Amino acid sequence: MSKKLRAVSETSDNNGTSSDAARGPVALIIDGTSLVYILDNELEEQLFQLASTCSVVLCCRVAPLQKAGIVALVKKRTSEMTLSIGDGANDVSMIQMADVGVGISGQEGRQAVMASDFAMGQFRFLVPLLLVHGHWNYQRMGYMILYNFYRNAVFVFVLFWYALFACFTLTTAINEWSSMLYSIIYTSLPTIVVAILDKDLSRRNLLRYPQLYGAGQRQEAYNRKLFWLAMLDTVWQSVVVFFVPIFAYWASTIDVPSIGDLWTLAVVILVNFHLAMDIIRWNWIFHVAIWGIYCCNFYLCDDPRCFSYVCWLLGHLPHHGGGIVLGVLAGYNYNSTPSSFCCKSTLSTLHS
């Protein structure tokens, strides 16, 4: 049968016509007895080659282990993800073998539902599960993987630049509380909210244009290129966050713990503002999460220099040129603030 299909395809191609148009859609129907003979005689490769030339393959009157064997046959010979859907106890093996298992809660009990990854009441819900929720979850997961690498790498790179600048001494500029609260409070809530609620496209458009589901198959939201671009973005942003406070307040009176608070505040503002710029559909929950974290950070940071540094950053943003005067005044007020140690002398001591 497989040879006949290939012969028809070659003949159609030689005639300059499409093979699908010449032979039309071809279906393969196989029963359980034939599957027993094929699996026992190691004819799986021939079955796979034959099934690959067909538009649809139907297996009828097959045992539960044979259903799982068909899924394993496809998983071994392709890199595609498999999905199994069933509503009875005889579908449990097939559901567990597939990459994604869907169980239908019906008259045959809940065994399939208990063994599945997703449960639904009717078969027609499979379309929104794949086209809508599948697309949303892929976009969210792809972005969140990149963002979590980004937000943690920025903070780690700041610590790395400080270790280089301090010649790998045992001093720490950022205290333990700031390091712990960075992932627990300062950046956790916005990340969780965006990972759950953000949507790049509406439900109606995803159902109207099923081609949009192909974004996940083409790995558009997460791939190696995007990962390394995010890492490069992390490096230069961490350099700016680390060296701008040092050179801005080099001749001022500031000790190392205080400038460590400025670095922590700058990183928190940076990563949350980066997340806010990437949000596609804003709602009140996003506003509470993003701006509430900023208020919490300012409340926990009791150093008055933090506000001055924020004003300095706002004054030097390219889209807020009018705030340069505010930044200059904040920097002037900060330079006149007394402190027990001078930044230059302290950092010189670290070098020595």
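In the predicted model, Ser188 is located in helix α10, which spans residues 188–197. A polar atom of the Ser188 side chain lies 2.4 Å from the backbone oxygen of Ile184. The relative accessibility of Ser188 is 16%, and the residue therefore counts as buried, the limit for this class being under 20%.

Charged side chains link several helices and loops of the model. The count of salt bridges comes to 5. In one of these, Arg77 is paired with Glu44, with a separation of 3.9 Å between the closest N and O atoms. Because Arg77 belongs to helix α5 (residues 64–77) and Glu44 to helix α4 (residues 44–52), this pair ties together parts that are 33 residues apart in sequence. Arg77 also meets Glu45 in a salt bridge, with an N to O distance of 2.8 Å. Here again helix α5 contributes Arg77 and helix α4 contributes Glu45, so that parts 32 residues apart in sequence are tied together. With regard to solvent accessibility, Arg77 is partly exposed, its relative accessible area being 30%. Glu44, at 26% relative accessibility, likewise counts as partly exposed, and Glu45 is partly exposed with a relative accessible area of 37%.

A further salt bridge is formed by the side chains of Lys67 and Asp91, at 2.7 Å from N to O. Lys67 lies in helix α5, whereas Asp91 is found in the loop between β3 and α6 (92–97); the pair therefore ties together parts that are 24 residues apart in sequence. Both Lys67 and Asp91 are buried. Through shared partners, salt bridges join Glu44, Glu45 and Arg77 into one network.

The model also contains an open sheet of 3 strands, arranged in the order β3-β4-β5 with parallel pairing. Strands β3 (83–86) and β5 (118–120) form the edges, each pairing on one side only. On average, neighbouring strands of this sheet are turned by 20° against each other, direction ignored. Strand β4, comprising residues 100–104, pairs with β5 in the parallel sense over 3 bridges. Within this part of the sheet, Val102 stands opposite Phe118 of β5.

At the surface, Met141, Ile145, Phe149 and Tyr222 make a nonpolar patch of about 360 Å². Of these residues, Ile145 is located in helix α8, which covers residues 126–165. Ile145 has a relative accessible area of 33% and is therefore classed as partly exposed; this value also satisfies the requirement of over 30% for residues that make up patches.

Conventions. Residues numbered from 1 in each chain as written. Predicted model: local features only at pLDDT ≥ 70, side-chain atom pairs only at ≥ 80, totals over all residues. Heavy atoms only, no water. Pairing = 2+ DSSP bridges. Helix = DSSP H or I, 4+ residues; strand = E, 2+ residues; numbered from the N terminus. Axes fitted to C-alpha atoms, helices over the stretch in contact; angles between N-to-C directions. Buried < 20%, exposed > 50% of the residue type's maximum accessible area, 1.4 Å probe, protein only. Polar contact = N/O pair within 3.5 Å; in protein donor to acceptor, adjacent residues only side chain to side chain. Patch = residues over 30% accessible without salt bridge, like charges linked within 9 Å, V, L, I, M, F, W, Y side chains within 5 Å. Areas by Shrake-Rupley, 256 points an atom, 1.4 Å probe, with all protein chains shown as cover. Salt bridge = Lys/Arg side-chain N within 4 Å of Asp/Glu carboxyl O.
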